[in-house]
Amino acid sequence: MRLILPLPGNETFARHLAETGGWELGEIETRRFPDGETYVRILSDVADRRVDLVCTQARPDDGFLRLVFAADAARSLGAREVTLVAPYLAYMRQDRRFLTGEAVTSKTFARLVSSTFDRLVTVDPHLHRYPALSALYTIPTETLHAAPLLADWIAAEVEKPLVIGPDEESEQWVSAIAERIGAPHAVLHKIRHGDRSVDVELPDLLQWSGLRPVLVDDIASSGHTLIEAARKLPLQGFSRPVCVVVHGVFAEDSYERLLAVADRIVSSDSVQHVSNAIRLAPLIATSISAAEKVSEYLVRHRRPPEPLDKVERAGIDSFPASDPPPWTSGVGSTQRRTPRQGKGDSAT
């Protein structure tokens, strides 16, 4: 049976995933040492099992090393395969060097993940200049799409919707959502001047007056596009819009500012947030189940499991360096050596 292991902050998503797939939900212990370093201990048996580490990558800098340590520990403890389930995948936007000297972080991040995991499963990554994740990642990747789930939510919750996309590039995506529920659609004209500066122009929407505007987007990070669109819709006689996004990152106070001009904000649970209303666990569970049928040789393993050392074979989790374990020729764990004072030592 697969083992689902949540990193801190991902416990709810991991539980939904385990329940949906009928898999075991494991546990990881983590904490910070006084010097700021990270302690990781896997409390579940991973030997000869397929292990899925669940860790959304919103705000990844805070916990990426912890994730790497957990993956490496799972492999050294004998996991057959270690997969990263990242409902939201970070570091996809810096896909080129815009200014001299900039780090192309999307490539660097992909190399780090590819060197750590055997497989990656994610939902609607921000593919802009890359045709697919395979252009970045050297491990098997599974890109899942939440558009049908967004469409089904809109159909169930919004009467007479007008589906509106954030820019011309979203035309195909937005039209597919609208077609699924038999609704009209439109797209905005967006000009981005920087991380925090966006101009939005609305087309003439008067032919759909009386319909309920629904702004859809894959990512709401700064929220500027959605906020500007929501502010301008009333100028054409529309009511405050419903906003539906796949990834609700909502940096800083963007959620509060968007809530001030929107009627309702809904997101998937790829990033834990109060707006979560669309569960991705069924989508991901289906993908993982299908992957189990893939032949073993198709999975690129980072390295073979490490053999158990003497401490692990003896069933000892850890011991201080001053307390040799009983299976050595040294002093037993209940005794202490009296250190000899060397010539260069001074009594204190």
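Asp152 and Arg180 are joined by a salt bridge in which the closest N and O atoms are 2.9 Å apart. Because Asp152 belongs to helix α4 and Arg180 to helix α5, the pair ties together parts that are 28 residues apart in sequence. The model is predicted, and it holds 13 salt bridges. Its largest nonpolar core has 34 residues.

**Salt bridges**

- In the pair that opens this briefing, Asp152 is partly exposed at 37% relative accessibility, and Arg180 is partly exposed at 48%.
- Arg50, Glu81 and Arg119 are joined into one network by salt bridges that share partners.
- Within helix α1, Arg15 and Glu19 form a salt bridge, with 3.8 Å between the closest N and O atoms. The two residues are separated by about one helical turn, because they stand four residues apart in this helix.
- Arg15 is partly exposed, with 35% relative accessibility, whereas Glu19 is exposed, its relative accessible area being 54%.
- A further salt bridge, at 3.6 Å from N to O, links the side chains of Asp48 and Arg80. Asp48 sits in the loop between β4 and β5 and Arg80 in the loop between α2 and β6, so this pair connects parts that are 32 residues apart in sequence.
- Of these partners, Asp48 counts as exposed at 52% relative accessibility, while Arg80 is partly exposed at 32%.

**Nonpolar cores**

- In the largest core, the residues with the most contacts inside it are Leu17, Trp153, Ile154, Val244 and Ile284.
- At least two residues of this core come from each of α1 (11-21), β7 (119-123), α4 (147-157), α5 (171-181), β13 (212-220), β14 (242-248) and α8 (281-291).
- Helix α4 gives the most to this core, with five residues.
- Domain 1 (2-144 + 281-296) and domain 2 (147-274) each contribute at least three residues to this core.
- Apart from neighbours within four places in sequence, Ile154 contacts Pro161, Ile177, Ile181, Val214, Val216 and Val244.
- A second, separate core has 31 residues, including Val46, Val51, Met92 and Val113.

**Helix α2**

- Helix α2 (residues 64-76) has 13 residues, which should span 18 Å at 1.5 Å a residue; the C-alpha atoms at its ends are 18 Å apart, in agreement.
- The buried residues of α2 are Phe64, Leu67, Ala70, Ala71, Ala74, Arg75 and Ser76.
- These buried residues of α2 pack against β3 (28-32), β4 (38-42), β5 (50-54), β6 (81-86) and α3 (105-114).
- After α2 comes Gly78, which has a positive phi near 105°.

How values were computed:
Residues are numbered from 1 along each chain as its sequence is written. This is a predicted model: local features need pLDDT of at least 70, side-chain atom pairs count only at pLDDT 80 or more; totals for chains, interfaces and linings use all residues. Side-chain values use heavy atoms; hydrogens and water are left out. A nonpolar core is a set of buried Ala, Val, Leu, Ile, Met, Phe, Trp, Tyr and Cys residues joined through side-chain atoms within 4.5 Å. Buried means under 20% relative accessible area, exposed over 50%, partly exposed in between (1.4 Å probe, protein chains only). Domain bounds come from an automatic or database domain assignment. Contact means heavy atoms within 4.5 Å. The expected span of a helix is 1.5 Å times one less than its number of residues. A salt bridge is a side-chain nitrogen of Lys or Arg within 4 Å of a carboxyl oxygen of Asp or Glu.
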